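Good morning, and thank you for coming. Please look at the sequence and the structure while I speak.

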Amino acid sequence: QEKKAEIESRQALKEAYRSAENANRAKTEFLSNMSHDIRTPMNAIVGLTAIAGANVESQDRVIECLSKITESSRHLLGLINEVLDMARIESGKMTLAQEDSTCQSWWIILLRLRNRCWMNINTILIYTSITLNTRMSVVTA
C-alpha cells in the first residue's frame, strides 16, 4: 500500500516536471520569436528616422517616412501589449473568459491577423528598402 502511494507520488512528480519543462520550452520559444518580431519594427523606426533626417529638405520623403514610422511604432506597441498581456495571464492578474462568438466576430479576428501579417511584411520591405538605399548611397558616395 505504502509502496503503491510512493510510486504514484513519483509518477505525479515526473509528470509535473515534464509539464514544467514543456512550459519553459514554450516560453523560451515565445521570447525568441518576440525578440525577432520586436527588432523588425524597431529597426524600421531607426532606419526611417535616419532617412527622414537625411532628407529634411524633401517634405514628401519626410512625410512618407513619418507615416511608416507611425505604422511601425503602432505595430511595436501592439507586440509589447501582447507580451504584457501574456505576463498578466501567467501571473494570474488577467484571466481568459470563454464566450460564445459568431462567424462575424471570427471573421473580424482573421482580418486583423491578416492585416498584422501584412504589417510584418511591410515592415520587412521597409527595412529591406532602407538597407538597399543605405547600400546604394554608400556605393555612390
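I will describe the overall fold, then the core, then one buried histidine, and finally a pocket.

Please keep in mind that this is a predicted model. Let us begin with the whole protein chain. It has 141 residues, and 13% of them are buried. Its secondary structure consists of three helices and zero strands. Read from the N terminus, the order of elements is therefore simply α-α-α, each helix being assigned as a DSSP run. The chain exposes about 11400 Å², and carbon and sulfur atoms supply 59% of that area. As for contacts with a separation of 6 or more, 74% of them join residues that lie 24 or more positions apart.

I turn now to the interior. Which residues make up the largest nonpolar core? There are eight: Ala44, Ile45, Leu48, Ile51, Ala52, Cys65, Ile69 and Leu76. Two helices, α1 (2-54) and α2 (59-91), each supply at least two residues of this core. The most comes from α1, which gives five residues.

One member of the core, Ile45, deserves a moment of attention. If we set aside its neighbours within four places in sequence, Ile45 is in contact with Ile69, Ser72, Ser73 and Leu76. Two of these partners, Ile69 and Leu76, are themselves listed in the core.

Next, please find His75 in helix α2. Is this histidine buried or exposed? His75 counts as buried, because its relative accessibility is 4%, and the cut-off for buried is under 20%. His75 may also be compared in position with Ile38: the two are 37 residues apart in sequence, and their C-alpha atoms are 8.8 Å apart in space.

Finally, I come to the second largest pocket. Rolling a probe the size of a water molecule over the atoms shows where empty space is left. In this pocket, that space amounts to about 220 Å³. Its lining consists of Ala23, Ala26, Lys27, Phe30, Leu31, Val83, Met86, Ala87 and Glu90. The elements giving two or more residues to this lining are α1 and α2, and the largest share, five residues, comes from α1. What is the character of the residues in the lining? Seven are nonpolar, none is polar and two are charged.

To close, α1 gives the most to the largest nonpolar core, and α1 also gives the largest share of the lining of the second largest pocket. Thank you for your attention.

Conventions:
Residues numbered from 1 in each chain as written. Predicted model: local features only at pLDDT ≥ 70, side-chain atom pairs only at ≥ 80, totals over all residues. Heavy atoms only, no water. Core = buried A, V, L, I, M, F, W, Y, C linked by side-chain atoms within 4.5 Å. Buried < 20%, exposed > 50% of the residue type's maximum accessible area, 1.4 Å probe, protein only. Helix = DSSP H or I, 4+ residues; strand = E, 2+ residues; numbered from the N terminus. Contact = heavy atoms within 4.5 Å. 1 Å grid on protein atoms, 1.4 Å probe; cavity = no way out; pocket = protein on both sides within 12 Å on 5 of 7 lines; lining within 4 Å. Points joined across faces, edges and corners; volume = space filled by probe spheres on them. Nonpolar A, V, L, I, M, F, W, Y, C, P; charged D, E, K, R; others polar. Areas by Shrake-Rupley, 256 points an atom, 1.4 Å probe, with all protein chains shown as cover.
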